[in-house]
Amino acid sequence: MGIDIVKADLGNPAHAEALFETLNAYASDAMGGGKQLTDFVRANLAAELKKRPTAHVFLAFDGATPAGLATCIEGFSTFACKPLLNIHDLAVMPQYRGQGIARRLLARVEDEARALGCCKVTLEVLEGNAVARSLYRSCGFDGYELKPETGKAMFMHKPLA
């Protein structure tokens, strides 16, 4: 049986569970922070994403077994005056890594971005995640900069209590 990539129906309990299980495996991995997600996330993630029409979730399945996911959120490029699609999470279950699933998820995200009229696809990656960085480069991603003399953009955050 091959791997199927589907756009998630977040009202479907099987898709909601696959979303949580795959994201929880990613969160538990060193590159995801090394901590399991909370019961609150399990109970609410699919419903909260479903409330957001700019959220797009793609799931990879091996039959009924979740193999990977891409969670994307639409943004907007003011410079291009067009939407963009940000890959917020890209994860493949450990037992499915090295089989091209992440590459297929990225291709599906790119297809969706084109269908939405997006000017680009964006993502963030940890500096220490050499495997992911290599994959992203091979798929055409690069560090964002306006001009070399001003440097590459940095991802920053400010947690709110």
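Reader: Where is the place of Thr-71?
Author: This is a predicted model, so keep that in mind throughout. Look for Thr-71 among the strands. Its place is in strand β3.

Reader: Does Thr-71 count as buried or exposed?
Author: The relative accessibility of Thr-71 is 4%. The cut-off for buried is under 20%. Thr-71 therefore counts as buried.

Reader: Which residues is Thr-71 in contact with, leaving aside its neighbours within four places in sequence?
Author: Neighbours within four places in sequence are left aside here. Among the contacts of Thr-71 are Leu-19, Leu-49, Asn-86, Ile-87, His-88 and Asp-89. The list also holds Val-57 and His-56.

Reader: Where is the place of His-56, and is it buried or exposed?
Author: His-56 has its place in strand β2, which covers residues 55-62. Its relative accessible area is 5%. That is under the 20% limit, so His-56 is buried.

Reader: How many Å apart in space are His-56 and Cys-72, C-alpha to C-alpha?
Author: In sequence, 16 residues separate His-56 and Cys-72. The two also appear as a contact, with neighbours up to four places away left aside. From C-alpha to C-alpha, His-56 and Cys-72 are apart by 5.0 Å.

Reader: Which residues does Glu-112 touch, not counting those up to four places away in sequence?
Author: Glu-112 lies in helix α3. His-56 has Glu-112 among its contacts. Outside the four-place window, Glu-112 touches His-56, Phe-58, Leu-85 and Lys-7.

Reader: Is Glu-112 buried or exposed?
Author: The relative accessible area of Glu-112 is 11%. Buried means under 20%. Glu-112 is therefore buried.

Reader: What distance separates the C-alpha atoms of Glu-112 and Lys-7?
Author: Along the chain, Glu-112 and Lys-7 are 105 residues apart. Yet Glu-112 touches Lys-7. Their C-alpha atoms are separated by 9.5 Å.

Reader: How do α3 and α4 lie: parallel, perpendicular or oblique?
Author: Helix α3 spans residues 101-115 and helix α4 spans residues 130-138. Their axes are 11 Å apart, and the packing angle is about 45 degrees. That angle makes the relation of α3 to α4 oblique.

Reader: Which residues in α4 does α3 meet?
Author: On the α3 side, the contact uses Ala-102, Arg-103 and Leu-106. The contact residues divide into four nonpolar, one polar and one charged. The α4 side holds Leu-135, Ser-138 and Tyr-136.

Reader: Is the pair formed by the rings of Tyr-136 and Phe-141 stacked or edge-to-face?
Author: The count comes to one aromatic pair. Its ring centres are 6.0 Å apart, and the planes stand at 65 degrees. Planes over 60 degrees apart pass the cut-off, so the pair of Tyr-136 and Phe-141 is edge-to-face.

Reader: Is Tyr-136 buried or exposed?
Author: Tyr-136 has a relative accessible area of 9%. The limit is 20%. Tyr-136 is therefore buried.

Reader: Is the crossing of α1 and α2 left-handed or right-handed?
Author: Helix α1 covers residues 13-28 and helix α2 covers residues 39-50. Their axes come within 9 Å and cross at roughly 120 degrees. That makes α1 oblique to α2. The crossing is right-handed.

Reader: How many residues of the contact of α1 with α2 are charged?
Author: Residues meeting across the contact include Phe-20 and Leu-23 in α1, and Val-41 and Leu-45 in α2. Eight contact residues are nonpolar and no residue is polar. The charged residues number three.

Reader: What is the phi of Cys-81?
Author: Cys-81 sits in the loop between β3 and β4. With 58% relative accessibility, Cys-81 counts as exposed. Cys-81 is not a glycine, yet its phi is positive, at about 55 degrees.

Reader: What distance separates the C-alpha atoms of Asp-62 and Phe-141?
Author: Asp-62 lies in strand β2. With a relative accessible area of 22%, Asp-62 is partly exposed. Phe-141 is 79 residues away along the chain. The C-alpha atoms of Asp-62 and Phe-141 are separated by 27 Å.

How values were computed:
Residues numbered from 1 in each chain as written. Predicted model: local features only at pLDDT ≥ 70, side-chain atom pairs only at ≥ 80, totals over all residues. Heavy atoms only, no water. Axes fitted to C-alpha atoms, helices over the stretch in contact; angles between N-to-C directions. Helix = DSSP H or I, 4+ residues; strand = E, 2+ residues; numbered from the N terminus. Parallel < 35°, antiparallel > 145°, perpendicular 65-115°, else oblique. Contact = heavy atoms within 4.5 Å. Nonpolar A, V, L, I, M, F, W, Y, C, P; charged D, E, K, R; others polar. Phe/Tyr/Trp six-rings, centres within 6.5 Å; stacked < 30°, edge-to-face > 60°. Buried < 20%, exposed > 50% of the residue type's maximum accessible area, 1.4 Å probe, protein only. Left-handed = near helix turned anticlockwise from the far one by under 90°.
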